[in-house]
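Grab a pencil and open the viewer. Below are some short exercises, each followed by a solution worked through in steps.

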Amino acid sequence: MGQALKEEVSHGDSPIAIADMSGAATNMRVKLPAICLVLQIILIILFGVLVQYNHDTDAKLWHKGNQSDYENDFYYRYPSFQDVHVMIFVGFGFLMTFLQRYGFSSVGFNFLIAAFSLQWATLMQGFFHGFHGGKIHIGVESMINADFCTGAVLISFGAVLGKTSPVQLLVMAMFEVTLFSINEYILLSLLGARDAGGSMTIHTFGAYFGLVVTRVLYRPNLDKSQKRNSSVYHSDLFAMIGTLFLWMFWPSFNSAVTAHGDDQHRTAMNTYYSLASCTLATFGMSALTAHDGKLDMVHIQNAALAGGVAIGTAGEMMLTPFGSMIVGFLAGIISVLGFKYLSPFLESKLKIQDTCGVHNLHGMPGILGAIVGAVTAAAATTEIYGGGMKDVFPDVASQARDSFKQGGLQAISLVVTLGMALGGGLIVGFILKLPIYGSPSDTICYEDSIYWEVPGEEETHDDQLTTVRAEEVEKLNS
Amino acid sequence: MGQALKEEVSHGDSPIAIADMSGAATNMRVKLPAICLVLQIILIILFGVLVQYNHDTDAKLWHKGNQSDYENDFYYRYPSFQDVHVMIFVGFGFLMTFLQRYGFSSVGFNFLIAAFSLQWATLMQGFFHGFHGGKIHIGVESMINADFCTGAVLISFGAVLGKTSPVQLLVMAMFEVTLFSINEYILLSLLGARDAGGSMTIHTFGAYFGLVVTRVLYRPNLDKSQKRNSSVYHSDLFAMIGTLFLWMFWPSFNSAVTAHGDDQHRTAMNTYYSLASCTLATFGMSALTAHDGKLDMVHIQNAALAGGVAIGTAGEMMLTPFGSMIVGFLAGIISVLGFKYLSPFLESKLKIQDTCGVHNLHGMPGILGAIVGAVTAAAATTEIYGGGMKDVFPDVASQARDSFKQGGLQAISLVVTLGMALGGGLIVGFILKLPIYGSPSDTICYEDSIYWEVPGEEETHDDQLTTVRAEEVEKLNS
Amino acid sequence: MGQALKEEVSHGDSPIAIADMSGAATNMRVKLPAICLVLQIILIILFGVLVQYNHDTDAKLWHKGNQSDYENDFYYRYPSFQDVHVMIFVGFGFLMTFLQRYGFSSVGFNFLIAAFSLQWATLMQGFFHGFHGGKIHIGVESMINADFCTGAVLISFGAVLGKTSPVQLLVMAMFEVTLFSINEYILLSLLGARDAGGSMTIHTFGAYFGLVVTRVLYRPNLDKSQKRNSSVYHSDLFAMIGTLFLWMFWPSFNSAVTAHGDDQHRTAMNTYYSLASCTLATFGMSALTAHDGKLDMVHIQNAALAGGVAIGTAGEMMLTPFGSMIVGFLAGIISVLGFKYLSPFLESKLKIQDTCGVHNLHGMPGILGAIVGAVTAAAATTEIYGGGMKDVFPDVASQARDSFKQGGLQAISLVVTLGMALGGGLIVGFILKLPIYGSPSDTICYEDSIYWEVPGEEETHDDQLTTVRAEEVEKLNS
């Protein structure tokens with residue numbers, strides 16, 4: 001154990017914690033390789049059996065047609081995909097590095113479970129959405145959808161951050177991706193709901209699923225790790241890298257899978273103004289709710305993003321920049337108030353230990369987004385949408401339903417999502433409670449050195465002077 | 001005040017500074033929420049009254065035409081927009097994190113004033129450029145222009161960094177965006193000048209406006225904060241994140257609003273070579289001007305970007321890569337010399353305390369860029385531009401003026417810009433001098449903990465040993 | 001020398017090291033400005049004589065045709081270019097910041113040699129590939145290729161990281177770019193090999209070239225710098241910024257210069273799945289090969305990227321996602337095993353001091369990629385590729401050769417590349433061994449303060465208390 005042990009000692013944990021650390025409980029020597037390599041081999045086999053290039057990625061199929069190479073969907077989706085990809089890996093990954101001793105795990109486990117989830121999501125979503133003649137056809141749009149599904153898993157990760165082993169996280173991801181795909185299928189295919197930016201399917205689902213899981217995994221003695229459940233100066237700056245990449249690329253996220261043309265364009269713009277408005281609300285509320293008027297980094301890092309969440313469903317609709325800014329404004333206010341007043345309540349009364357405050361960033365703004373989407377859909381008229389109705393509300397355009405019914409189905413979709421998230425989280429929570437995953441004990445949560453080789457501190461001036469002085473003290477003592 | 005007070009004490013400020021900090025002067029409890037929320041509500045109302053989707057973002061209008069969805073301007077501007085967006089929020093934000101105790105404010109206030117400015121700029125620029133039937137029509141191009149205008153505000157922010165309150169910055173942004181829009185209107189619409197990458201409208205204007213503001217706000221006792229007006233090892237690495245994202249995406253910045261086709265392509269390429277050339281000049285000059293040949297991070301972080309500034313006006317012209325490289329080379333040399341010799345002079349003689357050295361990165365290279373643009377415009381011939389003349393110099397192509405006159409108007413534009421910046425900065429500087437904004441006193445500039453909850457230091461090995469040793473000393477004393 | 005001297009002393013180097021540092025040996029006052037400015041002036045002159053806008057960037061040429069502005073290649077290559085650009089400057093730059101005292105040099109020298117290499121590569125590659133009537137025609141595709149060539153130089157930089165002066169690195173870049181261009185010309189033009197993502201031309205070449213150079217520059221007493229040849233907590237997080245941007249944008253890298261349409265689309269997707277698969281393999285192997293099951297940041301930072309390297313040649317082929325995932329899986333396993341077992345062997349037995357482990361990330365995975373490419377090429381049939389054969393294997397489509405021969409030529413290309421890299425590295429290594437470049441002595445490798453002004457440490461609480469206590473000790477002593 002060597003260096004890691006010393007490291008741990010140097011952070012002042014009790015001997016019990018250290019003993020725990022060296023114990024077999026959290027040792028990943030067998031469990032992690034087993035699950036990583038076995039899951040990957042299963043994925044490879046399933047891809048071999050089930051997955052095929054789609055029309056736009058297959059050399060033969062593409063060249064059969066008369067279309068120009070410039071019409072390939074790659075050019076109209078791939079820039080959005082790359083922005084989404086950055087959000088998933090750098091955005092979510094660095095957003096969670098705010099903890100002082102959990103940066104390796106935040107970025108690293110985010111990396112691991114995202115790399116797994118996107119593969120597994122390709123299969124599960126393909127099974128529900130892209131099954132043609134027994135094969136799943138894939139291309140850039142399925143890649144975006146796989147990244148989206150991964151986003152939901154990473155939201156749930158935020159709720160349990162610091163308290164779970166990587167094996168536990170992979171198991172959670174496996175189940176959550178499956179449930180996500182079922183819920184998405186019910187919403188988009190069965191109910192014909194619209195949710196391009198995933199206020200419901202991604203944010204509401206991911207947040208409430210994660211909150212129930214963390215409730216089931218409640219740790220009564222987590223206060224023993226409390227001193228590490230906070231940031232240091234530079235960890236807060238690393239987290240801002242995550243925040244900003246999420247904020248900047250959110251317009252691409254919400255518009256990545258909307259219809260081409262005005263739809264993508266409008267969605268990106270609505271999201272841009274919602275986020276800007278949300279940011280001012282966040283700064284204002286952060287100073288207002290602090291007793292000394294000082295800004296809280298937690299709010300800036302998180303609540304400023306709520307405007308992107310809350311515009312997820314309605315972003316493609318004719319909400320107008322005016323409407324988008326109102327939505328962002330409300331989202332920012334709700335989110336800061338949630339961090340300030342609701343999170344402590346949830347923790348003390350409902351025993352929900354929500355490390356990253358996903359309820360404030362994804363949960364409540366997600367519900368707000370679903371409601372805004374339902375209302376905006378119910379208010380849709382041909383007067384406003386013209387020929388564009390068929391892209392935004394195809395069922396209304398085809399007169400299969402009227403706007404009001406579309407709005408109603410949007411509202412039902414929210415209820416379904418909450419039900420799936422709560423029920424699914426409950427079951428998966430109990431599965432994750434089994435004492436077989438090597439999760440840390442209450443005294444050593446939020447600590448990288450359990451699962452990572454952590455380097456020692458830089459040798460500094462201080463150390464040397466300290467040594468000199470220590471020797472002097474020694475001499476005086478003798 | 002609790003932790004923040006201890007924090008401050010731990011940084012060794014005098015009791016006076018601490019008293020100051022706890023005083024009402026810098027308390028943002030009322031001022032910041034008031035300005036943020038009121039401004040945002042005003043913006044929302046104005047957007048509601050004035051702003052509409054343009055042809056490419058409106059569902060009805062877009063679907064009236066026969067055009068293909070693939071022709072939507074989204075696909076030809078949005079990737080550039082996203083690059084510009086990254087420059088504004090991550091580029092400018094992190095570039096200013098070089099200060100050891102001002103990272104939260106650098107990234108955070110950058111975030112705040114950018115989120116405000118882009119909304120306000122949409123209105124002001126729309127009022128001057130995009131007013132149709134009493135409504136402002138917006139789409140991706142207006143989003144890019146709003147981000148551009150925001151860039152100018154962030155340049156000015158660099159000049160006053162560490163010495164201003166967030167309320168003061170928002171007030172500055174409000175006025176500067178307005179003046180920027182007027183100046184831009186005079187240059188582009190009245191004078192018919194070309195300035196796609198904003199050497200004049202963005203860089204020269206932003207720099208000289210900020211320099212005059214910081215001159216008016218001159219702080220005679222700023223040396224009392226001198227020890228915090230420097231970097232530490234990791235803050236310099238954070239700043240390099242900003243530098244590199246600015247450097248890499250500058251080709252997108254300069255080409256974001258040029259005409260489609262060869263123009264965007266050429267502009268990006270000219271900028272690419274200008275920046276590469278500038279980088280070698282910067283490294284060379286940095287080592288040359290140091291007495292021991294050691295490179296200075298300030299030069300690398302800033303002067304290497306001057307090649308992007310200086311090619312802002314002429315980038316879209318037929319400057320050739322050869323010409324671009326000469327421009328970049330000169331910009332790098334001027335900029336390093338400015339940091340080395342001119343900035344100390346400006347501070348000691350002209351009382352211009354330019355925190356980030358915006359005069360060296362944006363001011364002088366901006367003027368160089370304007371001059372290069374004027375000369376290149378004057379030298380334009382149909383021989384060289386062929387049918388492309390109408391995209392680069394529409395007034396020359398339509399024979400409304402000849403190349404030489406175009407060059408002259410470019411030069412006049414520089415003069416107008418300098419006048420607007422100096423005059424505007426003077427007035428706004430005096431407005432910002434009012435003692436109502438909660439700006440920090442001279443002894444506590446460059447310090448996050450005035451406006452932010454700053455986390456404590458990580459508990460380290462040293463602390464513990466220190467405690468042990470302190471106890472030993474105690475024992476020896478008794 | 002002042003601050004830098006104190007800084008150095010504070011890091012505990014022996015007096016000899018300090019003397020060395022202040023000596024003329026590593027002083028860059030003359031050498032670095034000379035080489036930077038002279039090289040840049042030569043580049044400018046050569047660009048003036050040789051380089052012209054190509055059809056898509058020239059105002060006159062572009063407007064002669066009848067094509068739409070939307071058909072300009074800018075729109076189909078530039079987003080990929082920007083992703084590649086981020087990989088070169090932020091990806092490679094930050095990946096190497098893992099060293100505790102070498103962050104300025106990692107990011108800074110990466111910046112310098114990349115800015116030089118891309119200009120020089122434009123000329124060398126243009127000479128071999130884009131020479132028309134005595135002129136080199138350039139546009140976005142040549143910019144991507146120049147960045148690619150730069151990538152090879154940066155790989156070699158990884159092998160010699162911490163042990164070379166910036167002057168030495170520029171000289172290495174000058175020769176390596178030249179040899180790269182010759183090798184690329186032999187492979188792509190003479191042998192007609194396919195290598196869109198550069199498994200051979202970039203990764204294998206760059207790695208083995210760098211390994212031979214570092215072998216020739218073998219430092220027997222490098223153990224005296226050993227304490228700095230390791231990471232600290234935050235330096236590992238900075239390195240993850242590099243890792244993730246490389247990982248996320250690798251699909252753009254491999255697809256940046258493939259044929260338009262299905263080819264780019266397929267290449268990006270194959271790379272995406274290869275990398276995801278590689279990541280799970282890397283985490284599994286990292287835990288498996290650690291005696292206590294703890295993950296090693298070195299593996300996550302590097303081996304997780306091997307899947308992008310290994311899919312470089314075959315990515316554009318009809319490898320299927322299934323095949324891509326197998327390739328990524330193998331690459332991850334090989335790479336972790338290399339870091340764990342082969343690198344120590346190479347260092348102790350073959351005297352190859354490979355700072356970043358480029359043999360594990362680029363060398364072996366590059367060879368694997370070349371082999372996979374050869375096999376996949378040999379297996380190509382019209383049955384599978386249909387009309388797309390002409391884009392992937394033009395010589396097979398035109399029946400100039402059959403698939404089996406194409407595979408054979410791919411294999412020969414690997415051999416040629418290895419020969420060029422080993423031979424070239426040997427010669428250039430001896431050139432770089434000349435004692436004229438100001439490289440550091442064995443005792444002060446991996447140290448920024450030789451070539452950079454390094455800021456002091458932040459003044460902290462500890463320092464003050466320490467001082468107080470030191471005074472107390474003093475008093476007690478007297």
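## Exercise 1: a charged pair

In this predicted model, the side chains of Arg228(A) and Glu447(A) come together in a salt bridge, with 3.5 Å from N to O.

Task: work out which parts of chain A this pair ties together, and whether Arg228(A) and Glu447(A) are buried or exposed.

Solution.
- Step 1. Place the partners. Arg228(A) sits in the loop between α9 (199–216) and α10 (233–255) of chain A, and Glu447(A) in the loop between α19 (403–433) and α20 (461–477), so the pair links parts 219 residues apart in sequence.
- Step 2. Check the burial, where the cut-off for buried is under 20% relative accessible area. Arg228(A) comes out at 3%, which counts as buried.
- Step 3. Do the other end. Glu447(A) is buried too, at a relative accessible area of 0%.

## Exercise 2: salt bridges in chain B

Task: compare the settings of the pairs Asp262(B)–Arg266(B) and Arg401(B)–Asp395(B).

Solution.
- Step 1. Start with the helix pair. The closest N and O atoms of Asp262(B) and Arg266(B) are 2.9 Å apart. Both residues belong to helix α11 (residues 262–289) of chain B, with a spacing of four residues, about one turn of the helix.
- Step 2. Look at their cover. Asp262(B) is buried at 0% relative accessible area, and Arg266(B) is likewise buried at 0%.
- Step 3. Turn to the other pair. Arg401(B) and Asp395(B) meet at 3.4 Å, N to O. Arg401(B) is buried, with 14% relative accessible area, whereas Asp395(B) is partly exposed at 25%.
- Step 4. Put this in context. Over all chains, the count comes to 30 salt bridges.

## Exercise 3: across the interfaces

Task: how many salt bridges cross the interface of chain B and chain A, and which residues form a salt bridge there? Then do the interface of chain C and chain A.

Solution.
- Step 1. Get the extent of the B–A interface. Here 88 residues of chain B touch 85 residues of chain A. About 7500 Å² is buried between these chains, 70% of it on carbon and sulfur atoms.
- Step 2. Find the charged contact. The rule gives one salt bridge across this interface. Lys60(B) pairs with Glu383(A), the closest N and O atoms being 3.9 Å apart. The cut-off is 4 Å.
- Step 3. Repeat for C and A. Chain C contributes 85 residues to the contact and chain A 88, and about 7400 Å² is buried, again 70% of it on carbon and sulfur atoms.
- Step 4. Name the bridge. One salt bridge is found across the C–A interface, and the side chains of Lys60(A) and Glu383(C) meet in a salt bridge at 3.9 Å, N to O.

## Exercise 4: strands and a hairpin

Task: trace how β3(B) pairs with β1(B) and β2(B), then say why β1 and β2 of chain C stand at the edges of their sheet.

Solution.
- Step 1. Take β1 (residues 51–53) of chain B. This strand runs parallel to β3(B), with three bridges between them; Val51(B) has Ile136(B) as its bridge partner.
- Step 2. Take β2 (residues 131–132) of chain B. Two bridges join this strand to β3(B), and the two run antiparallel. His132(B) is bridged to Lys135(B).
- Step 3. Inspect the turn. The hairpin of β2(B) and β3(B) has two residues between the strands, and Gly133(B) takes a positive phi near 55 degrees.
- Step 4. Sort the faces of β3 (residues 135–138) in chain B. Ile136(B) and Ile138(B) make up the covered face, while Lys135(B) and His137(B) are on the uncovered one.
- Step 5. Move to chain C. Its open sheet has three strands in the order β1-β3-β2, with mixed pairing. β1 (51–53) and β2 (131–132) each have a single partner strand, so one side of each has no neighbour in the sheet.

## Exercise 5: unusual phi values

Task: where do Tyr446(B) and Lys351(C) lie, and are they buried or exposed?

Solution.
- Step 1. Recall the background: most residues other than glycine have a negative phi.
- Step 2. Tyr446(B), not a glycine, has a positive phi of about 55 degrees. This tyrosine is in the loop between α19 (403–433) and α20 (461–477) of chain B and is buried, at 1% relative accessible area.
- Step 3. Lys351(C) has a positive phi near 60 degrees. This lysine lies in the loop between α14 (320–349) and α15 (358–378) of chain C and is partly exposed, at 35%.

Definitions and conventions. Residues numbered from 1 in each chain as written. Chains lettered and ligands numbered in written order. Predicted model: local features only at pLDDT ≥ 70, side-chain atom pairs only at ≥ 80, totals over all residues. Heavy atoms only, no water. Buried < 20%, exposed > 50% of the residue type's maximum accessible area, 1.4 Å probe, protein only. Pairing = 2+ DSSP bridges. Contact = heavy atoms within 4.5 Å. Buried area = accessible area lost by both parts, 1.4 Å probe.
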